[in-house]
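Good morning, and thank you for making time for this presentation. Please take a moment to look at the sequence and the structure before I begin.

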Amino acid sequence: PDVIHLEDYRVPDFLIEHVELHVDLGDGGTRVGSRLTLRRNGEHGRPLVLHGEGLELLSIALDGKSLAAGRYRLDDETLTVEGLGAEAVLETECRIDPDGNTALEGLYRSNGTFCTQCEAEGFRKITWYLDRPDVMARFRTTIVGDRTTQPVMLSNGNPVASGTTGDNRHWVTWEDPFPKPSYLFALVAGDLAVVEDSFTTRSGREVALRIYVEHGNEDRCGHAMTALKHAMAWDERVYGREYDLDIFMIVAVSDFNMGAMENKGLNVFNAKYILAKPETATDVDFDGIESVVAHEYFHNWTGNRVTCRDWFQLTLKEGLTVFRDQQFSADMNSAAVKRIADVQRLRAAQFPEDGGPLAHPIQPQSYIEINNFYTATVYEKGAEVIRMIHRLLGTDGFRKGSDLYFERHDGQAVTTEDFVAAMEDANDADLGQFRRWYVQAGTPRLICSGDYDAADGSYLLTVRQETPATPGQPEKAPLHMPFAVGLIGRDGADLPLRLAGENSAEAGTRVLQLREAESRFRFVDIPERPVASLLRGFSAPVRLEFAQPAEDLAFRMAHDSDDFNRWEAAQELQNKVLLGLVADRRAGRPLVLPDMLAEALGTALDDDGADPSLLALMLTLPGEVMLAQHMEVIDVEAIHDVREFAVKALAERLRDRLLARYRACHAAARPGFDGASMAARHLQNACLAYLSQLDDIGRETALAQYRERRTMTETMAALARIAASDWPERDEALADFHAAWRNDPLVIDKWFTVQATAARADTLEHVLALAGHEDFTLRNPNRVRALIGAFASANPTAFHRADGAGYDFVAERILALDASNPQVAARLIAPFGQWRRYDKARQERMLNQLKRIVSQPGLSKDVREVASKSLN
Ligand code: B3K
Ligand code: ZN
């Protein structure tokens, strides 16, 4: 296979100044005319080699003269033209088939609407082009379509002309004044409804905001529109960045390979991240919409105005933009709850990637298919790396750095090095060693110990860092990272911290810097044995190893001034207890729930002062997938049984307090997206997860909540309990839910997921039946993820069934899907890549499926790359 290496990067042989596109949409195929104004880049005699895939050539002309067959060469991936002058105009016309485009890359149709997805390399499926991000051109796009079926025809920038042509057809021309790479091109045409609003920028410009949706969805756009306006104001306030066009458009489509796309002035979204009202979307959906709308908007500066030189720089725009959307959501809602959710996601998706066969640095050094590198590492770990820079430089220093970055590089295609250099130069800082984060893969372990010396009142903190080997990187160098710590006194307050040799002390969190393989910090004037709170706010993306007694963890759950670490203490205590129980079960000892866990959670339940959402997170035991990360060899059944045992035992012990809190939250919550109601629902549902385990009141509580149909958040939480149960009402409830929402695809996705993730012995049989349900289709990525993706990644007991039937089912669907949509198929392979973590029998079964996938003839390079690397 063709491996692309970062070290082979060369500047483009030609630049494109201007592009004129003429897209004639039709039912029997679409004709794309293109006129490229080219300039030779430097002195050389090399030919022009344009990218192009799946295009049927209709005509080609150079500098106004039609080219004879011998003057150009065409193959499956390129068009080569020799003999260009220093400046040239190349015109081509081709035919493409959007209706047959099931890969959803390039120009395709979703429910009849024409739409595009060009990142990373989809533009070459529309016309021949230098389809690489360092070629930035001005685009002028004319779309011709049917007046009845495509009354709305959109592209980047501003509409500058339009007209009709007879035959019930019309045309519109769009012009984008900002030079951009082809991956930011977009075109949409269809019969869509529009919801409009406007935003006045701080310099007083009026920007029209338009959200286009399928008819009937107009009443579900309010939340996305509010999020957009908040994001626009926030970027002005926090980063000094103003929007730059007169129109900002979002189009929501049903069939989309990922979340959304930041095309210049015309974002295209998966409908899941736009459409919501409390009756149809959960609070998690509402949060997701707010953050994805903001994320795509923020790309306008971090990604579009300053873009990537090549795809190895992907984290330049993605890590930074994820960090910005995380900051935004933290500002809009509870910062601690947001931080916890982000860390949970990092641990669930990125840590396994970093510890498995697909480990790669946030700046990969090579790839076969770039679409495979839109990973949790590039995005989420990339965001953690930016967050560390932010921590090291401080809020003001980071802002100075970002200002300099925009000032230096506006309108350019740059590298991560340019970003780090701007941060350094603006702050006179040295990020030399810090740069290793960009090129070194693997999750560092921080092995910590603390020694209190009562005689001289000092506390010695020792931190050793060690990064495990990853494929191709056997040796790791020490990393530079911020390490936020606090020491808590017996009264629960943070002690003033003074390191030996310093003159004054400050209370609260202290950000230490780690650079060496081993660092020691001696805190002085510590009057009593403190309780250490390490890695506050998760100040670096590492695994912390610090043996802290259970009493200290319970103490921190109640007193840590850092809310993230209050939650983290709860997680650690729960991990300790549950993993102890796993060991008991494996040794055949009876399971007994330690009193102290119930007491610590009881104390949390009684905490009326804390954010209910934080309490919900503290009360929720680590999931099976998280617990598994702590086992040498994952024991799927033991983890499952022990967790179920603990939930039930806790429910019995805390019954009255759970019920009281449940009722109070239920009374406090109002339908709608307000922080207090969302937090109340969060805690209500965390209590329900326990209560539903109780034989007497569990069933009635869950059923009552389901039947009340107050908000989708409550309905789904109840239905999840019902779907996992053996209650006689189970089938009826599932049938009833389906009947109520059969015409609402985003809700039906939830119906599939709730069954795919149910912890039941017969789940695989249900999932097999669901895969044959009339509502199931491999053609819709959301539906695929709702059933197959959820089953493989969020139902460990069913996916890892000992007989291998779960593996067989998923591998078979990956192969079926690969024929139509390689990008989505490749993403389903990840769980198989974790095979080393399981027992011998499962290892062999997982490996056999990977081998089966790799040996399939005609496999896409997407699936081939991930599956074959997963075998290592
Ligand atoms: N930039 C897009 C992702 C494109 C994925 C291409 N396979 C969405 C985002 O990160 O904002
Ligand atoms: Zn992004």
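Let me start with an interface: domain 2 and domain 4 bury about 1100 Å² between them, and 70% of that area lies on carbon and sulfur atoms. I should say at once that we are looking at a predicted model. I express the interface in this way because the size of an interface is often given as the accessible area lost when the parts come together.

Which three residues supply the most of the area that domain 2 buries against domain 4? They are Ile340, Arg347 and Phe351, which together supply 48% of it, more than any other three residues. The contact itself takes 13 residues from domain 2 and 13 residues from domain 4. Measured is not a word I can use here, but the computed separation of the two domain centres, taken over C-alpha atoms, is 31 Å.

Turning to the polar side of this interface, the count between domain 2 and domain 4 is one salt bridge. Arg347, already named among the three leading residues of domain 2, forms a salt bridge with Glu568, and their closest N and O atoms are 2.5 Å apart. Across the interface, three residue pairs are found in polar contact.

To place these two domains in the chain, the assignment gives five stretches. Domain 1 covers 13–190, domain 2 covers 307–439 and domain 3 covers 463–536. Domain 4 follows at 542–694, and domain 5 at 742–872.

I now move to the metal site. Which protein residues are the donors of the zinc ion, ligand 2? They are His295 and His299, each through NE2, and Glu318 through OE, lying 1.9 to 2.1 Å from the ion. Along the sequence, these donor residues follow the spacing H-x3-H-x18-E. Both histidines, His295 and His299, are buried.

My last topic is the cysteines. How many disulfides does the structure hold? The number is zero. A disulfide is a covalent bond between the sulfur atoms of two cysteines. For Cys94, the closest cysteine sulfur is that of Cys118, and because the distance is 13 Å, the two are too far apart for a bond. Cys308 is likewise in no disulfide, and its nearest cysteine sulfur, again that of Cys118, is 16 Å away. Are these two cysteines, Cys94 and Cys308, buried or exposed? Cys94 is buried, with a relative accessible area of 0%, and Cys308 also counts as buried, at 0% relative accessibility.

Key. Residues numbered from 1 in each chain as written. Chains lettered and ligands numbered in written order. Predicted model: local features only at pLDDT ≥ 70, side-chain atom pairs only at ≥ 80, totals over all residues. Heavy atoms only, no water. Donors = N, O, S within 2.8 Å, 3.2 Å for Na, K, Ca; no water. Buried < 20%, exposed > 50% of the residue type's maximum accessible area, 1.4 Å probe, protein only. Disulfide = S-S within 2.5 Å. Domains from an automatic or database assignment. Contact = heavy atoms within 4.5 Å. Buried area = accessible area lost by both parts, 1.4 Å probe. Salt bridge = Lys/Arg side-chain N within 4 Å of Asp/Glu carboxyl O. Polar contact = N/O pair within 3.5 Å; in protein donor to acceptor, adjacent residues only side chain to side chain.
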